[in-house]
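The following note sets out points on the strands and helices of the entry shown here. Please read it alongside the sequence and the coordinates.

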There are 2 protein chains.
Amino acid sequence: MMKVKVAINGYGTIGKRVADAVSLQDDMEVVGVTKTRPDFEAKLGAKRYPLYVAKPENVELFERAGIEIQGTIEDLLPKADIVVDCSPNKVGAENKAKYYEKAGIKAIFQGGEKKDVAEVSFNALANYDEAVGKSYVRVVSCNTTGLTRLIYMLKTNFSIGRIRATMLRRVVDPKEDKKGLVNGIMPDPVAIPSHHGPDVKTVLPDVDIVTTAFKLPTTLMHVHSLCVEMREAVKAEDVVSALSEEPRIMLISAEDGFTSTAKVIEFARELRLRYDLYENIVWRESIGVDGNDLFVTQAVHQEAIVVPENIDAIRAMFELAEKEESIRKTNESLGIGKVF
Amino acid sequence: MMKVKVAINGYGTIGKRVADAVSLQDDMEVVGVTKTRPDFEAKLGAKRYPLYVAKPENVELFERAGIEIQGTIEDLLPKADIVVDCSPNKVGAENKAKYYEKAGIKAIFQGGEKKDVAEVSFNALANYDEAVGKSYVRVVSCNTTGLTRLIYMLKTNFSIGRIRATMLRRVVDPKEDKKGLVNGIMPDPVAIPSHHGPDVKTVLPDVDIVTTAFKLPTTLMHVHSLCVEMREAVKAEDVVSALSEEPRIMLISAEDGFTSTAKVIEFARELRLRYDLYENIVWRESIGVDGNDLFVTQAVHQEAIVVPENIDAIRAMFELAEKEESIRKTNESLGIGKVF
């Protein structure tokens, strides 16, 4: 079997996870990863994968640090069939213009890029087929991925109306030690809507959703508080039952001691390297109905949730598998659906 | 002019603020405050007010600490016309049975008590008249006070339908050093509804409201994200205009640098002792309309917002003034409405 050759541009929070996930697939392989600076992540990356320098002008920094490199991004791209861009927000679009178009290579971008960087904004459950054969695909952000999966399951199983969601955002990732918010609540943005609602519509255009968002002094996970107007009578147990069908949604119970995101992460530390949670984490008891409104609370591990989506996007773009087959393979390789 | 003699049972977070506010009124006076334990707050209290011991069995502790006391709660109550109970949640109801009923004294309870502790749950704007002449009144909690004021202004000025609110709660007050939540988001409760919606209905029974609530790693203020269905077309500027009329609602602008509750409190530290904010703090730019939905974000200083309500409750219970006159006097004495 020919394997799709994958380059990862940016071996950071998302890139290192995507690289490991690609390595676990039987139909793709990592031909190289890039780093901008020679830090500890570059040193770890060089031990695991052929390492290239993302900014050609920084080659000397790597040589001085004694890190073995195979060349620069310009040497890497000709060896790959596709590049997964995992560089910081907005840099992906610059890389597209500077490198990917010239190299004539397919590319996946992350949710920090504007939607017009790609032909399609992607979520495996919601619109796998739209990415089939495409050259440029954008995997939506962690929060949008979490919202999209949940809303897709609800709209597939029930008739839904307006969605109002409050996004409770971790302020920075755990490794961050220069930015943050120690004590306070930050409306971000102050004016409605937050970008999350419109971003969901890049994948599910016919959904009526308004979101507000707040940055909070925590690093572990985002939390979403959703209120979904139902156009038909629905029981909480029917929603629990529908969500239980989807492996990328993990139902947890407060009765098991899951009192907060801190407990969810303590649980994840027992499960997987880097305590990665690829699943939407939905509190079973939070699923409740009041009048026509369905309420749901879920947590999203911002560092990990998009990883399986990147893998499925690669399969769609190279027509390696149909939607269900790709998702099944990805889930199996990452241990999704096997937890409880 | 005869002054109403006020005893404060529990010179803690709320009690010390209520005592100082009572002292500023021309129609009431503090005849004594109580403390359970001889800590620094007791020492400060004894310098400012006649101090009594809340638990008679603890008299010896105060004597050993060298704090001058005037007796116990049982000595204080006969000197007062009313007691404002500011003891911890649920202790107010115990005090009522143990002391207040026997002493035949009027009493105000705080929002941590169940509603049936009193004849009426109170908010000055919303239902001042219902407390007139009553013996037992419960001033609703900080979050309920904030919600009730805002909703009262909206329902008085517009035709409103269902309200969905997400309560972003500070986990503990700033002085707390034994409990907390350092890194995480805690749905509290996990199942809908949080108690805030039903608690608003103790004051405004005909309001349709559902609330969800989360505890967050911050001490400064609560934040409420409201979505209010409007039964008539409304413009954001009309809502801004209506809220501007009410002194107990302070409109702030993100343009002035109010990016988070941390900035709001930094501003308050320039204004008042203990940086007390008695007002609902509403971000002007958060007031927005999407379809039939009105969105508003406000912050609530949990330590201070109920203080003016306690003063107005005293006036209502003794028929010292009509609603508008009481609110005007309270506002003037506390500097409410004079900030911008």
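1. Two strands are taken to pair if DSSP finds at least two bridges between them. Helices (H or I, at least four residues) and strands (E, at least two) are DSSP runs, numbered from the N terminus. The model is predicted: local features need pLDDT of at least 70, side-chain atom pairs count only at pLDDT 80 or more, and totals for chains, interfaces and linings use all residues. Residues are numbered from 1 along each chain as its sequence is written, chains are lettered from A and ligands numbered from 1 in the order in which they are written, and side-chain values use heavy atoms, with hydrogens and water left out.

2. In chain A, seven strands make up an open sheet with parallel pairing, in the order E3-E2-E1-E4-E5-E7-E6. Strand E3 (51–53) and strand E6 (120–122) of chain A each have a single partner strand, so one side of each lacks a neighbour in the sheet. On average, neighbouring strands of this sheet are turned by 25° against each other, direction ignored.

3. At one edge, E6(A) runs parallel to strand E7 (residues 136–139) of chain A, and three bridges join them. Within this pair, Phe122(A) lies opposite Val139(A).

4. In chain B, strand E7 (residues 136–139) is joined by three bridges to strand E5 (residues 106–109), the two running parallel; Ala107(B) stands opposite Tyr136(B) there. E7(B) also pairs in the parallel sense with strand E6 (residues 120–122) of chain B over three bridges, where Val120(B) is opposite Val137(B).

5. In a regular strand the side chains alternate between the two faces of the sheet. From E7(B), Tyr136(B) and Arg138(B) point one way, Val137(B) and Val139(B) the other, and all are buried (under 20% relative accessible area; exposed is over 50%, partly exposed in between; 1.4 Å probe, protein chains only).

6. Helix H1 (residues 13–23) of chain B is mostly covered, with ten of its eleven residues buried. Among them are Lys16(B), Arg17(B) and Asp20(B). The cover, defined by contact (heavy atoms within 4.5 Å), includes strand E1 (4–9), helix H2 (40–48) and helix H12 (323–334) of chain B.

7. In chain A, which residues in H11(A) meet H12(A)? They are Val307(A), Pro308(A), Ile311(A), Asp312(A) and Arg315(A), which meet Ser326(A), Ile327(A), Lys329(A), Thr330(A) and Leu334(A) in H12(A).

Conventions: Axes are lines fitted to C-alpha atoms, for helices over the stretch in contact, and angles run from 0 to 180 degrees between N-to-C directions.
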